[in-house]
Amino acid sequence: MKNIDHWIGGKPVAGASDRFGPVHNPATGAQEKQVPFASVDEVDAAVASAKAAFESWGTASLAKRTSVLFKYRELLDAHRDEIAELITAEHGKVHSDALGEVARGMEIVELACSVPQLLKGELSTQVSTRVDVAAIRQPLGVVAGITPFNFPAMVPMWMFPLAIACGNTFVLKPSEKDPSASYRLAELASEAGLPDGVLNVVHGDKAAVDRLLEHPDITAVSFVGSTPIAKYIQIKGIEHGKRVQALGGAKNHMLVLPDADLDFAADQAISAAYGSAGERCMAVSVVVAVGGTGDELVEKIAERAKGLKIGPGSDPASEMGPLITREHRDKVASYVAGAAAQGAEVVVDGTGFTVPGHEDGFFLGVSLLDKVPLTADAYRDEIFGPVLCVVRAETYDEGIALINASRWGNGTAIFTRDGGAARRFQLEVQAGMVGVNVPIPVPVGYHSFGGWKDSLFGGHHIYGNDGVAFYTQGKVITTRWPDPADSGGINLGFPSH
Ligand code: NAD
């Protein structure tokens, strides 16, 4: 059994607590590794290392920081395949999908390479006689990131590259279910010349997270994960004086209008619902079929769903891999049976599915549920698996009202050929990321990612300009260089022009 190490102060550190978690290969069901759960002392050691590193990294020149980031980008490029293999081995997603995740994470490293541009301040000259005002942004200090299992490389890269580019030092607590990618990302950052202690990785569970939230030397916390934990992180972080951005779960709706190209919409629904076995916060989990499109659309989706190739992520023929754990697979399957009992039509039933030769793998077939009552658990909960619900709406207004009634507001999409309808949708829908004939509208690195309502707590979206704002604090400097001829004089009034 392989032990995974922490990465503290630029080197591997074996876990010293006696608590460990299992890391499985979801395609075989076998436990191949174990990950140590950090104690309070181990978290403190990582924070101390980050704090010491901030002394010099916080004032390192932009040229120094970007030279490391450019080198890091090249190393990530050279190691794409290897990182993707680590992801597939612990998460289960297919290799091509894992490569896509690495590429989307690298976008943020590329953005971070442009940090001199992003951190350019503002200057107003002569706001009053011989008075200038400059606005600059400075790093926060030691910041922490806590990440989910479903993007073990991309989500950490949503956080630390920009945080360190802005001059902070970082402690990452990755998901305990698939922690190796984060470790490798930190190792490569060291290889790129990142000074020891600037990026640390501590593994663990709630105990490690709680220590990060309470630690007096942590200034800010970025979190991505499920809604209940996001809420908890937000409240506890604020209680301890941290700046917090906490991205939560989702239930993303795709509205299909009667004028849409239904073959195109069916292709997109399949890709967005079942890619990565539905374990994406931007997965489409509900199709809202408007104005009588339902029967034809469901038929087209079902036809395609039955042809999907499900198998180990390492097999190039597989289009969808297993789920993350046996327990999660069984929970997802229970929603299909539950939906039938609660009035939905099970058009495609993926439960009880096995892959020959991989009977112990955490596989589940894809399921398609039609006419799902809005009261059914399958509609109300985030299932986070390969289960697509279809609901029917008579009109656009009924469809958008249904979407806006959701407690989540992460991503959403409209499929139509009508520009006017699409424009209305963009303005009226209550979600942070909107696709027009694009089912998974994950913003590119130089825009910010974030949802509304129960999909995000805290005022900042992640990466892009919001990321820079989150990882820096503003300072405004008002300067006067008096003319030697100025007499000055005393004035007790409030300064004005
Ligand atoms: P999770 O909330 O269970 O875990 C996320 C992180 O929190 C992990 O590092 C975990 O160790 C830690 N954690 C878990 N329970 C905790 C507790 N009680 N106290 C403190 N820390 C705790 O999420 P997950 O299952 O790893 O990931 C899937 C979820 O993440 C889904 O809900 C998905 O929608 C969401 N997600 C959201 C986004 C987004 O951008 N909004 C992106 C990816 C995933």
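Helix axes here are lines fitted to C-alpha atoms over the stretch in contact, and angles run from 0 to 180 degrees between N-to-C directions. With that in hand, welcome to a few close-up views of this predicted model.

**Figure 1. Helix 3 packs against helix 4.** In this view, helix 3 and helix 4 meet at an angle of about 120 degrees, and their axes are 8 Å apart. The two helices are therefore oblique to each other, and helix 3 passes helix 4 in a right-handed crossing. On the helix 3 side, look for Arg80, Ile83, Ala84, Ile87 and Thr88. Their partners on helix 4 are His95, Ala98, Leu99, Glu101 and Val102. Sorted by class, this contact of helix 3 with helix 4 has six nonpolar, two polar and two charged residues.

**Figure 2. Helix 2 runs alongside helix 4.** Here helix 2 (residues 62-78) joins helix 4 (residues 95-113): their axes come within 9 Å and cross at roughly 155 degrees. Angles over 145 degrees count as roughly antiparallel, so helix 2 is roughly antiparallel to helix 4. The crossing of helix 2 past helix 4 is left-handed. Helix 2 brings Thr66, Leu69, Phe70, Tyr72, Arg73 and Leu76 to the contact, while helix 4 offers Met106, Val109, Glu110, Ala112 and Cys113. Eight of the residues in this contact of helix 2 with helix 4 are nonpolar, one is polar and two are charged.

**Figure 3. Helix 2 also meets helix 7.** Turn your attention to helix 7 (residues 180-191), whose axis comes within 9 Å of that of helix 2, the two crossing at roughly 130 degrees. That angle makes helix 2 oblique to helix 7, and helix 2 passes helix 7 in a right-handed crossing. Tyr72, Leu75 and Leu76 are the helix 2 residues to find, and they meet Leu188, Ala189 and Glu191 of helix 7. This contact of helix 2 with helix 7 comprises five nonpolar residues, no polar ones and one charged. Two of these names may look familiar from the previous view: Tyr72 and Leu76 of helix 2 are also listed in the contact with helix 4.

**Figure 4. Domain 1 touches domain 2.** The chain is divided into domain 1 (2-249 + 451-477) and domain 2 (252-436). Their C-alpha centres lie 31 Å apart. Where they meet, 23 residues of domain 1 are in contact with 31 residues of domain 2. Helix 3 (80-91), helix 4 and strand 21 (452-453) each supply at least two residues of the side of domain 1 that touches domain 2. By class, that side of domain 1 divides into six nonpolar, 12 polar and five charged residues.

**Figure 5. The annotated region along the chain.** An unreviewed UniProt entry carries the annotation "domain: Aldehyde dehydrogenase" for residues 19-476. Over residues 19-476 of the model, the chain is 41% helix and 22% strand. The C-alpha atoms at the two ends of residues 19-476 are 47 Å apart.

Methods
Residues numbered from 1 in each chain as written. Predicted model: local features only at pLDDT ≥ 70, side-chain atom pairs only at ≥ 80, totals over all residues. Helix = DSSP H or I, 4+ residues; strand = E, 2+ residues; numbered from the N terminus. Parallel < 35°, antiparallel > 145°, perpendicular 65-115°, else oblique. Left-handed = near helix turned anticlockwise from the far one by under 90°. Contact = placed C-beta atoms within 7 Å. Nonpolar A, V, L, I, M, F, W, Y, C, P; charged D, E, K, R; others polar. UniProt positions renumbered as here; feature names shortened; annotations may be inferred. Domains from an automatic or database assignment.
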